Amino acid sequence: MKKKLSLFLFSLCPLIPATSRFAYALIFSAAILFYYGAGILFRELVKKLDSQSFGQLLELVGLAGTAALFFGILNGVYPLLALSLELYIYLSAFSYLLLISITMDHGTSDSFSPIILFIPLLLLFSAIREIFGLGTISFPVYSGFIEFTLIPPRNSLIFRFLGTGGGALMLTGIFSFILKQFFDKKGVRK
């Protein structure tokens with residue numbers, strides 16, 4: 001279980017710099033779901049082709065193409081966000097691979113369970129960072145993102161640290177503790 005929890009947290013790390021805004025987390029959540037749907041299609045295609053020797057390579061190429069396709073769609077819908085998130089869109093494909101590898105290493109075929117846990121965690125992580133770090137919550141729009149002030153700027157100064165990389169690492173530590181408690185209560189961790 002240590003390996004599983006470590007991989008889960010490691011899959012969150014590439015997204016830490018990019019999840020300073022809730023709008024970004026919404027995009028990354030959509031990207032991971034998009035990768036998941038495409039992953040199912042590519043896995044079925046590999047099964048139909050009965051090509052075990054290069055099946056994983058086909059899946060990786062398919063995932064890279066899926067990330068490029070998602071970036072193209074994002075560029076059409078939210079061009080300014082696509083410009084600032086281009087590198088992170090491809091890193092989210094890496095995070096998706098790590099999430100899937102969690103269940104593959106344990107011989108289970110239900111690869112959706114880590115994604116079910118990851119997406120709400122990603123959204124919560126980003127919302128907490130933005131609300132307490134900046135005092136706002138943002139949503140993607142064509143011209144970038146729109147933000148709504150929830151905490152007046154002078155009241156959010158105490159929490160500004162959460163909006164920084166160091167604050168993100170603290171939140172990651174808090175979330176890892178919560179996950180550890182969750183897995184301990186479920187009896188998954190030995």
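**Figure 1. The side chains of R21 and E130 meet in a salt bridge.** In this predicted model, the N to O distance of the pair is 3.2 Å. The two partners come from distant parts of the chain, 109 residues apart. R21 belongs to the loop between α1 (2–12) and α2 (22–49), whereas E130 belongs to helix α5 (residues 113–134). The side chains of R21 and E130 also make a polar contact, again at 3.2 Å. E130 has a relative accessibility of 0% and therefore counts as buried. R21 counts as buried too, because its relative accessibility of 16% falls under 20%. Side chains of opposite charge can pair when their charged atoms come close.

**Figure 2. A salt bridge joins E147 to R21.** The closest N and O atoms of this pair are 2.5 Å apart. E147 is part of strand β2 (residues 144–149) and R21 is part of the loop between α1 and α2, so the salt bridge ties together parts of the chain that are 126 residues apart in sequence. With a relative accessibility of 39%, E147 counts as partly exposed, whereas R21, at 16%, counts as buried. The structure holds two salt bridges, and R21, E130 and E147 are linked in a network of such bridges.

**Figure 3. The surroundings of R21, a residue of the loop between α1 and α2.** Neighbours within four places in sequence are left aside in this view. Beyond them, R21 is in contact with S126, E130, L134, T136, S138, F145 and E147. Two of these residues, E130 and E147, are linked with R21 in the network of salt bridges. The side chain of E130 is, in addition, the partner of R21 in a polar contact of 3.2 Å.

**Figure 4. Helices α2 and α3 pack against each other in a right-handed crossing.** Two packed helices are described by the angle between their axes and the distance between the axes. For α2 and helix α3 (residues 55–77), the angle is about 145° and the axes are 9 Å apart. On the side of α2, the contact is made by I27, A30, A31, F34, Y35, A38, F42, R43, V46 and L49. On the side of α3, the residues that take part are G55, L58, E59, G62, L63, T66, A67, L69, F70, I73 and L74. Sorted by class, the contact has 16 nonpolar, three polar and two charged residues.

**Figure 5. T66, a residue of helix α3, and the residues that it touches.** When residues up to four places away in sequence are not counted, T66 touches F34, Y35, A38 and F42. These four residues are among those of α2 that make the contact with α3, and T66 is one of the residues of α3 that do so. T66 has a relative accessible area of 5%. The residue is buried because this value is under the limit of 20%.

**Figure 6. L26, in helix α2, and its contacts.** Leaving aside neighbours within four places in sequence, L26 is in contact with L123, F139 and P140. L26 and L122 are 96 residues apart along the chain, and their C-alpha atoms are separated by 8.8 Å. At 28% relative accessibility, L26 counts as partly exposed.

**Figure 7. S84, in helix α4 (residues 79–105), and its position relative to G144.** The two residues are 60 positions apart in sequence. In space, the distance from C-alpha to C-alpha is 9.5 Å. S84 has a relative accessible area of 40% and is partly exposed.

**Figure 8. The chain as a whole, as the setting of the close-up views.** The secondary structure comes to six helices and two strands. Along the sequence, these elements follow the pattern α-α-α-α-α-β-β-α. The chain has 190 residues, of which 41% count as buried; R21, E130 and T66 are among the buried residues shown above. Of the contacts in the chain with a separation of 6 or more, 72% are accounted for by residues 24 or more positions apart. The salt bridge of R21 with E130 links parts of the chain 109 residues apart, and E147 and R21 tie together parts 126 residues apart in sequence.

Definitions and conventions. Residues numbered from 1 in each chain as written. Predicted model: local features only at pLDDT ≥ 70, side-chain atom pairs only at ≥ 80, totals over all residues. Heavy atoms only, no water. Salt bridge = Lys/Arg side-chain N within 4 Å of Asp/Glu carboxyl O. Buried < 20%, exposed > 50% of the residue type's maximum accessible area, 1.4 Å probe, protein only. Polar contact = N/O pair within 3.5 Å; in protein donor to acceptor, adjacent residues only side chain to side chain. Contact = heavy atoms within 4.5 Å. Axes fitted to C-alpha atoms, helices over the stretch in contact; angles between N-to-C directions. Left-handed = near helix turned anticlockwise from the far one by under 90°. Nonpolar A, V, L, I, M, F, W, Y, C, P; charged D, E, K, R; others polar.
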